[in-house]
Amino acid sequence: MKLFWIKRVFGGLLLAAIFVTAAGWAVSSLWNWLVPVLFAGPTITFVQALGLLLLSRMLVGFRGGWGGRRWGGGGWGGNPYGHPKHAYWREKMSNRWQNMTPEERQQFKQQMKEQWKGGCGPRGFGRGRHWGPEPQETEPGHSAEPTATQS
């Protein structure tokens with residue numbers, strides 16, 4: 001049993017070392033490829049790239065990226081670190097769904113499809129959503145644009 005944990009800790013340290021080495025190499029390679037050409041800046045060494053990585057993590061934070069789940073990060077999933085309101089709304093919607101009849105569920109699904117058919121929000125992330133007013137329908141045979149009159 002003790003040998004299992006020693007192997008596990010050693011494997012974890014080895015993976016961490018490989019990850020840090022790969023990240024340092026990637027940062028130094030990208031920096032040395034882009035910065036001197038684009039901004040006439042200096043090249044950096046591998047150790048300087050590791051320092052740059054550490055500095056960026058210190059400035060941005062050690063949360064683990066977008067919605068990181070470690071150390072109190074958010075997220076919509078069922079993780080124990082999510083915001084308490086997420087669990088409240090998830091439970092409320094689950095209870096509402098369970099109390100619906102099959103016809104009500106079908107109607108609800110149809111309403112959601114209609115509401116979200118154009119994408120995610122009013123800025124047009126999908127298709128068909130615009131900020132402006134809805135286009136006005138015209139009668140058949142009449143064009144929507146005004147025509148020039150001949151005098």
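## Exercises on a four-helix chain

The accessible surface of the chain comes to about 13800 Å², and 64% of that belongs to carbon and sulfur atoms (areas follow the Shrake-Rupley method with a 1.4 Å probe; for residues, only the protein chains shown count as cover). This is a predicted model, in which local features need pLDDT of at least 70, side-chain atom pairs count only at pLDDT 80 or more, and totals for chains, interfaces and linings use all residues. Residues are numbered from 1 along each chain as its sequence is written, and side-chain values use heavy atoms, leaving out hydrogens and water.

### Exercise 1: the overall picture

Task: Find how many helices and strands the chain has, and what share of its residues counts as buried.

Solution:
- Begin with the elements: there are four helices and zero strands (DSSP runs numbered from the N terminus, helices being H or I with at least four residues, strands E with at least two).
- Read from the N terminus on, their order is α-α-α-α.
- Then turn to burial: 9% of the 151 residues count as buried (buried is under 20% relative accessible area, exposed over 50%, partly exposed in between, with a 1.4 Å probe and protein chains only).
- Last, look at contacts (heavy atoms within 4.5 Å): among those between residues at least 6 apart in sequence, 11% join residues at least 24 apart.

### Exercise 2: following helix α1

Task: Work out what span α1 reaches and where its kink is centred.

Solution:
- Helix α1 covers residues 2-39, and its 38 residues reach 54 Å from first C-alpha to last.
- That is close to the 56 Å expected at 1.5 Å a residue (the expected span is 1.5 Å times one less than the number of residues).
- Now find the kink: α1 bends by about 25°, centred on Trp31 (the bend is the angle between axes fitted to the seven residues ending there and the seven starting there).
- Just after α1 comes Ala40, with a positive phi of about 55° although Ala40 is not a glycine.
- Ala40 sits in the loop between α1 and α2 and, at 67% relative accessibility, counts as exposed.

### Exercise 3: where α1 meets α2

Task: Determine how the axes of α1 and α2 cross, and which residues Ser28 contacts.

Solution:
- The two axes come within 8 Å and cross at roughly 105° (lines fitted to C-alpha atoms, for helices over the stretch in contact, with angles from 0 to 180 degrees between N-to-C directions).
- Therefore α1 and α2 are roughly perpendicular to each other (65 to 115 degrees; under 35 is roughly parallel, over 145 roughly antiparallel, the rest oblique).
- Residues of α1 that meet α2 include Gly24, Ser28 and Trp31, and their partners in α2 include Phe46, Ala49 and Leu53.
- Ser28 counts as buried, at 8% relative accessibility.
- Leaving aside neighbours within four places in sequence, Ser28 is in contact with Ile44, Thr45, Phe46 and Ala49.

Conventions: Bend = angle between axes of the 7 residues up to and from the residue.
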